[in-house]
Amino acid sequence: LIMFASMKKIGKNNFRGVAILESKSGRPEGPFVPLMPGPLTPPTWSCLDGTLYVENGVPYMVFCHEWTQVGDGRMCLMELSRALDSSKKPSVLFTASQAPWSKTFNSSSATHTSNFITDGPFLHRCATSNELIMLWSSIGPNDQYCVGIARSTSGSVHGPWVHDPDPLYGRDGGHAMMTKVSLERSFAKPNGASQPEHTLMLMALHAPNRRIRNSAPKLLGMLEQRDESTGLAKLDWFEFQ
């Protein structure tokens, strides 16, 4: 059991980086210890939100090169060793400003006059279209924190990546992740077992972002359908009553 964690290093040049930790017990309770003495991301980069993706048996980390350092936040890709204890030189998949819905903003904490955020990448293979999509977060319409969709036109994590014109979620929430759960119904059987009836897709994110002290996990239902006119997957979310 491993964890990708964003943390700052001790010392003078304490850039934030992404480290990989391993649970010595194999359980979520830990204890977790680093696989390496320091972060896997470049030592002079300010990075966060690393996430694991495996393609053709090769592990990769998708992570963000922070807007606080580069202005136009970058979404980056880095190939990892199979033991997850070393990495190759990263490449840039896209920048935040390439998304039509992402908005620039000024910040007293950055040296750039125009800033675009990249946060929280999560990759998902669509069942209806076999597309590889990425959920990621930035500032969007009405200055709200939003979740957008990028699509790999090659079907590979290497891209190229294109962006949906509008965000998937625009209600001041972000860092979204998706999963599927099986819904079961118990009925009389000789062994008393239950059988899966349906599969429900969920999206978890944190909201609200503007009031970070009040921010909390939010769980939404997800629907995925194939758009017959484009052949692309169309994703919609709904709230539980």
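The paragraphs below follow a three-stranded sheet and then turn to some backbone features elsewhere in the chain.

This is a predicted model, in which local features need pLDDT of at least 70 and side-chain atom pairs count only at pLDDT 80 or more, while totals for chains, interfaces and linings use all residues. Residues are numbered from 1 along each chain as its sequence is written, and side-chain values use heavy atoms, with hydrogens and water left out.

Strands are named here as DSSP runs (E, at least two residues), numbered from the N terminus, and two of them are said to pair if DSSP finds at least two bridges between them. Three strands form an open sheet in the order 1-2-3, with antiparallel pairing. Its edge strands are strand 1 and strand 3, each of which pairs on one side only. Neighbouring strands of this sheet are turned by 40 degrees against each other on average, direction ignored, where the axes are lines fitted to C-alpha atoms and angles run from 0 to 180 degrees between N-to-C directions.

On one side, strand 1 (residues 2–8) is joined to strand 2 by seven bridges, the two running antiparallel, and within this pairing Met 3 has Leu 21 of strand 2 as its bridge partner. On the other side, strand 2 and strand 3 (residues 32–34) pair, again in the antiparallel sense, over three bridges; here Leu 21 stands opposite Pro 34, and Glu 22 stands opposite Val 33. Strand 2 (residues 16–23) is largely enclosed by the rest of the structure, because six of its eight residues are buried, a term that means under 20% relative accessible area, as against over 50% for exposed and in between for partly exposed (1.4 Å probe, protein chains only).

Further along the chain, some local backbone geometry deserves attention, given that most residues other than glycine have a negative phi, and most peptide bonds are trans. A cis peptide bond joins Gly 159 and Pro 160, with omega about 10 degrees, and Pro 160 lies in the loop between strand 10 (145–152) and strand 11 (161–163). Another cis peptide bond joins Ala 207 and Pro 208, with omega about -5 degrees; Pro 208 is found in the loop between strand 13 (194–207) and strand 14 (216–226).

Positive phi values occur at Asn 142, where phi is near 60 degrees, and at His 175, where phi is near 55 degrees. Asn 142 lies in the loop between strand 9 (132–139) and strand 10 and is exposed, with a relative accessible area of 65%. His 175, by contrast, is found in strand 12 (residues 174–186) and is partly exposed, with a relative accessible area of 29%.

Key
Helices (H or I, at least four residues) and strands (E, at least two) are DSSP runs, numbered from the N terminus.
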